[in-house]
Amino acid sequence: MNGCIYVDRKSKESGVNALAQAVDGVNKGNNMLIFSESTWNLFDNRPMLPRYWGDLKVAKETGRPVLPIALAYNERNCFVKFGKLRYVSKADDLHEVDRQVYEEMSQLRLDIWDSTIYKKL
């Protein structure tokens with residue numbers, strides 16, 4: 001699977017189809033990068049926008065882990081910080097897992113913002 005899976009956020013059917021495509025791709029051995037915030041965060045005082053759960057649903061359906069990643073940009077560079085692999089079991093409460101992943105990703109982004117190299121550039 002190469003390319004993108006597009007989702008029309010206004011269409012529930014589009015979301016269902018995208019999830020099915022993602023699960024199928026991961027089950028075939030492909031990796032996936034999902035931007036769970038789904039849009040740019042332009043608030044300096046808020047490290048994360050609310051997340052969509054596509055990554056967690058794919059992980060729950062496939063048994064494959066989620067790896068939280070935070071990105072931050074300045075005029076010249078992109079900074080990346082990786083979290084810890086997280087498996088989502090069929091029994092897990094997605095509300096709770098989402099809260100945990102949200103907190104981890106927020107902390108990763110704050111760590112980037114607080115880093116000396118990010119501030120200097």
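1. Let's start with Glu61, which counts as partly exposed because its relative accessibility is 48%, just inside the rule that reserves "exposed" for values over 50%. Keep in mind that we are looking at a predicted model. The partner to look at is Lys90: Glu61 and Lys90 form a salt bridge, with 3.8 Å between the closest N and O atoms. This pair links distant parts of the chain, since Glu61 sits in helix α2 and Lys90 in the loop between β2 (78-82) and α3, 29 residues apart. Lys90 itself counts as exposed, at 56% relative accessibility.

2. Next, Asp98. You'll find Asp98 in helix α3, which covers residues 94-114. Is Asp98 buried or exposed? With a relative accessible area of 14%, Asp98 is buried, because the cut-off for that label is under 20%. Setting aside neighbours within four places in sequence, the contacts of Asp98 are Arg51, Trp53 and Leu56.

3. One of those contacts deserves its own point. Asp98 and Arg51 meet through their side chains in a salt bridge, at 2.7 Å from N to O. Asp98 belongs to helix α3 while Arg51 belongs to the loop between α1 (12-27) and α2 (54-62), so this salt bridge ties together parts that lie 47 residues apart in sequence. Both Asp98 and Arg51 are buried.

4. Staying in helix α3, have a look at Arg99 and Glu96. Their side chains also meet in a salt bridge, and here the N to O distance is 2.5 Å. How far apart are Arg99 and Glu96 along helix α3? They are 3 residues apart, so about one helical turn separates them. Arg99 counts as partly exposed because its relative accessibility is 36%, and Glu96 is partly exposed too, with a relative accessible area of 31%.

5. Now the wider tally. Salt bridges with shared partners join Arg51, Asp55 and Asp98 into one network. By the rule used here, the count comes to 7 salt bridges; the ones picked out above include Asp98 with Arg51, Glu61 with Lys90 and Arg99 with Glu96.

6. On to how α2 and α3 pack. Their axes come within 10 Å and cross at roughly 125°. That makes α2 oblique to α3, because an angle of that kind falls outside the 65 to 115 range for roughly perpendicular and is not over 145, where roughly antiparallel begins. As for handedness, α2 passes α3 in a right-handed crossing.

7. Which residues meet where α2 and α3 touch? From α2 come Leu56, Lys57 and Lys60, and from α3 come Leu94, Val97, Asp98 and Val101. Sorted by type, the residues of this contact divide into 4 nonpolar, no polar and 3 charged. Asp98 turns up here again, and Leu56 was already listed among the contacts of Asp98.

8. Last, a look at the other end of the chain. Val7 has its place in the segment before α1. Val7 is partly exposed, given a relative accessible area of 46%. Not counting residues up to four places away in sequence, Val7 touches Ser14, Gly15 and Ala18. If you want a distance to check on screen, try Val7 to Ser36: the two are 29 residues apart in sequence and 12 Å apart in space, C-alpha to C-alpha.

Methods
Residues numbered from 1 in each chain as written. Predicted model: local features only at pLDDT ≥ 70, side-chain atom pairs only at ≥ 80, totals over all residues. Heavy atoms only, no water. Helix = DSSP H or I, 4+ residues; strand = E, 2+ residues; numbered from the N terminus. Buried < 20%, exposed > 50% of the residue type's maximum accessible area, 1.4 Å probe, protein only. Contact = heavy atoms within 4.5 Å. Salt bridge = Lys/Arg side-chain N within 4 Å of Asp/Glu carboxyl O. Axes fitted to C-alpha atoms, helices over the stretch in contact; angles between N-to-C directions. Parallel < 35°, antiparallel > 145°, perpendicular 65-115°, else oblique. Left-handed = near helix turned anticlockwise from the far one by under 90°. Nonpolar A, V, L, I, M, F, W, Y, C, P; charged D, E, K, R; others polar.
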